[in-house]
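Please read these points alongside the coordinates. They concern how the helices and strands are arranged.

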Amino acid sequence: MKRNVLHDIMTLAWQFVKRNGFTMSEALKAAWANMKLKAAMKNRIVKFYFQKVDGSVREAYGTLKDNLIPAIAGTDNRKRNDTVQVFYDTEKQEWRCFKKANLISICM
């Protein structure tokens, strides 16, 4: 379990270095933040901030907890994108996503 999490963090960090020009230090901080956010969203609604593609900062309340999200109907044949984090926005009652490299902060 722990080994897989560390592998995922390092993979994500290298992705940030290669695609976004982060230093390894910045990349590791961002990768840990993304993993903490995902873990927290699996347990509860989390308030966090990210930078949108247009440059503005967005405050979001999101979750991935099974009993807080609606049932998914149909099949999802879309190609997976490992550069974005998908979450259920509890304010807008819709699925949303943001670029993992643009995560600013998490309010625990």
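1. In this predicted model, helix α1 (residues 2–20) and helix α2 (residues 24–41) meet at an angle of about 130°, and their axes are 8 Å apart. Angles over 145 degrees would count as roughly antiparallel, and 65 to 115 as roughly perpendicular; α1 and α2 are therefore oblique to each other. The crossing of α1 past α2 is right-handed.

2. Which residues of α1 and α2 make the contact? From α1 come Val5, Leu6, Asp8, Ile9, Met10, Leu12, Ala13, Trp14, Phe16 and Val17. From α2 come Met24, Ala27, Leu28, Ala30, Ala31, Trp32, Asn34 and Met35. By class, the contact of α1 with α2 has 16 nonpolar residues, one polar and one charged. Asp8 of α1 is the charged one, and Asn34 of α2 is the polar one.

3. The strands form an open sheet of five, in the order β4-β3-β2-β1-β5, and the pairing is antiparallel. β4 (94–99) and β5 (103–107) are the edge strands, each pairing on one side only. On average, neighbouring strands of this sheet are turned by 35° against each other, direction ignored.

4. Strand β1 (residues 46–51) pairs with strand β2 (residues 57–63) through six bridges, in the antiparallel sense. Lysine 47 has tyrosine 61 of β2 as its bridge partner. The hairpin of β1 and β2 has five residues between the strands, and glycine 55 in this hairpin takes a positive phi near 100°.

5. β2 is also joined to strand β3 (residues 84–89), with two bridges and an antiparallel run. Here glycine 62 stands opposite aspartate 89 of β3, and threonine 63 stands opposite tyrosine 88 of β3.

6. How does the helical part meet the sheet? α2 lies across β1, β2, β3, β4 and β5, and runs at about 45° to β5. α2 is thus placed against the strands as well as packed with α1.

7. On confidence, the mean pLDDT of the protein is 93, and 99% of the residues score at least 70. Of the elements of the protein, β1 has the highest mean pLDDT, at 98, and α1 the lowest, at 93. Where pLDDT is low, the predicted coordinates should not be read in detail.

Note on methods: Residues are numbered from 1 along each chain as its sequence is written. This is a predicted model: local features need pLDDT of at least 70, side-chain atom pairs count only at pLDDT 80 or more; totals for chains, interfaces and linings use all residues. Side-chain values use heavy atoms; hydrogens and water are left out. Axes are lines fitted to C-alpha atoms, for helices over the stretch in contact, and angles run from 0 to 180 degrees between N-to-C directions. Helices (H or I, at least four residues) and strands (E, at least two) are DSSP runs, numbered from the N terminus. Angles under 35 degrees count as roughly parallel, over 145 as roughly antiparallel, 65 to 115 as roughly perpendicular and the rest as oblique. A crossing is left-handed if the near helix is turned anticlockwise from the far one by less than a right angle, and right-handed if clockwise. Contact means heavy atoms within 4.5 Å. Two strands pair if DSSP finds at least two bridges between them. pLDDT is the predictor's confidence in each residue, from 0 to 100.
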